[in-house]
Amino acid sequence: MLPILQRLAGREKAKRARALVITPTRELAAQILADVEALGKHTRVRGAAIFGGVGMGPQEAAFRNGVEILVATPGRLLDHLKQPYASLADVEVVVFDEADRMLDMGFLPEIRKIVRHLPTERQALLFSATMPEPIAKLAQEFLRKPVPLNIERQSTPASSITQVCYPVPQDLKTALLIHLLEVGHMEEVLVFTRTKHRADRVCKQLVKHGISAERIHGNRSQPQRTAALAGFKDGTYRVLVATDIVARGIDITALGHVLNLDVPVAPEDYIHRIGRTGRAAETGDAITFVAPDEEPELRAIERVLGKKVPRAKAEGFDYSARPAEKLEIPLEQRIAEIRARKAQERARAKEKAAR
């Protein structure tokens with residue numbers, strides 16, 4: 001961002017955007033915009049974030065009034081580009097951020113459409129934490145004769161992160177998390193779950209036990225997601241329960257603990273998740289709960305790490321206890337409950353109408 005700001009600073013106010021950053025998630029777009037505003041505070045360069053989950057009005061105003069830098073997620077940017085007020089005709093620099101994640105999330109068709117709105121003459125930069133063959137092909141498609149820069153590439157977590165695994169039955173994972181929090185092993189912790197549903201249930205059980213917690217995932221509204229992340233950063237919430245929506249790029253200062261409630265299927269996801277701790281020379285702990293059926297995934301992670309992750313057992317925790325509440329309700333049961341609830345609502349509405 002600094003070279004982009006240096007390039008744009010000192011010019012007359014832009015009528016249309018001169019730089020575009022495309023990023024996969026709303027949270028990352030908001031974080032990048034905050035960096036633009038902090039670094040460009042004493043310049044005339046202004047930026048705006050373009051992402052879904054919030055009203056389009058203020059974003060439309062940014063296009064109409066002119067800002068130098070747009071930070072956007074692909075879907076919402078395309079929504080604006082369908083309108084006559086939105087144009088990328090003056091963009092000089094385009095950045096594809098977290099390119100591998102955007103590919104994983106299926107954004108390639110949207111990115112191709114966005115590129116067609118860009119000038120032929122432009123500087124393009126592509127950032128990716130990993131460089132598998134699909135990303136290399138993506139670079140060749142969107143960049144001309146690209147120069148590769150490999151900066152401190154790490155296939156393993158930083159040495160400042162202490163890793164440990166707790167073997168535990170699936171239905172006792174939340175109970176073990178509560179136990180570790182109650183005995184004071186963790187001051188603040190970012191908890192990753194496999195699904196949105198599990199994130200909701202874990203958060204609910206934590207709050208039920210008097211632990212300040214909030215959750216963040218794709219089914220929550222943007223104001224809810226923003227408030228959850230802000231509350232975790234400022235200490236309002238001791239625990240943030242999340243899906244992989246915050247596994248990439250999000251910077252949380254001095255985060256002491258990351259906990260995988262579920263073992264990630266892909267080793268790369270494990271590395272990205274635990275990389276939220278131990279940042280900027282800080283130390284951090286990465287804890288993973290491993291159910292018996294998750295051992296194969298853990299072994300795959302250990303092969304990538306090139307070492308065994310130490311196992312641990314929590315003192316004072318009853319591993320033979322019966323879970324008070326199941327963590328995962330079977331999909332069939334959830335569908336049946338939803339149908340039953342809707343049937344009751346229809347019956348009440350019919351009865352009310354009959355009166």
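**Exercise 1.** Find how many bridges join strand 1 to strand 3, and in which sense they run.

*Solution.* Start with strand 3, residues 69–72. Four bridges join strand 1 to strand 3, and the two run parallel. Two strands pair if DSSP finds at least two bridges between them. Strands are DSSP runs of E with at least two residues; helices are runs of H or I with at least four, and both are numbered from the N terminus. Next, pick one position: isoleucine 22 stands opposite alanine 72 in strand 3.

This is a predicted model: local features need pLDDT of at least 70, side-chain atom pairs count only at pLDDT 80 or more, and totals for chains, interfaces and linings use all residues. Residues are numbered from 1 along each chain as its sequence is written, and side-chain values use heavy atoms, leaving out hydrogens and water.

**Exercise 2.** Sort the side chains of strand 1 by direction, and say whether they are buried or exposed.

*Solution.* Ala19 and Val21 point one way. Leu20 and Ile22 point the other way. All are buried (under 20% relative accessible area; exposed is over 50%, partly exposed in between; 1.4 Å probe, protein chains only). In a regular strand the side chains alternate between the two faces of the sheet.

**Exercise 3.** Describe the salt bridge of arginine 11.

*Solution.* A salt bridge is a side-chain nitrogen of Lys or Arg within 4 Å of a carboxyl oxygen of Asp or Glu. Arginine 11 pairs with glutamate 92, the closest N and O atoms being 2.7 Å apart. The partners are 81 residues apart in the chain. Arginine 11 has 29% relative accessibility, so it counts as partly exposed.
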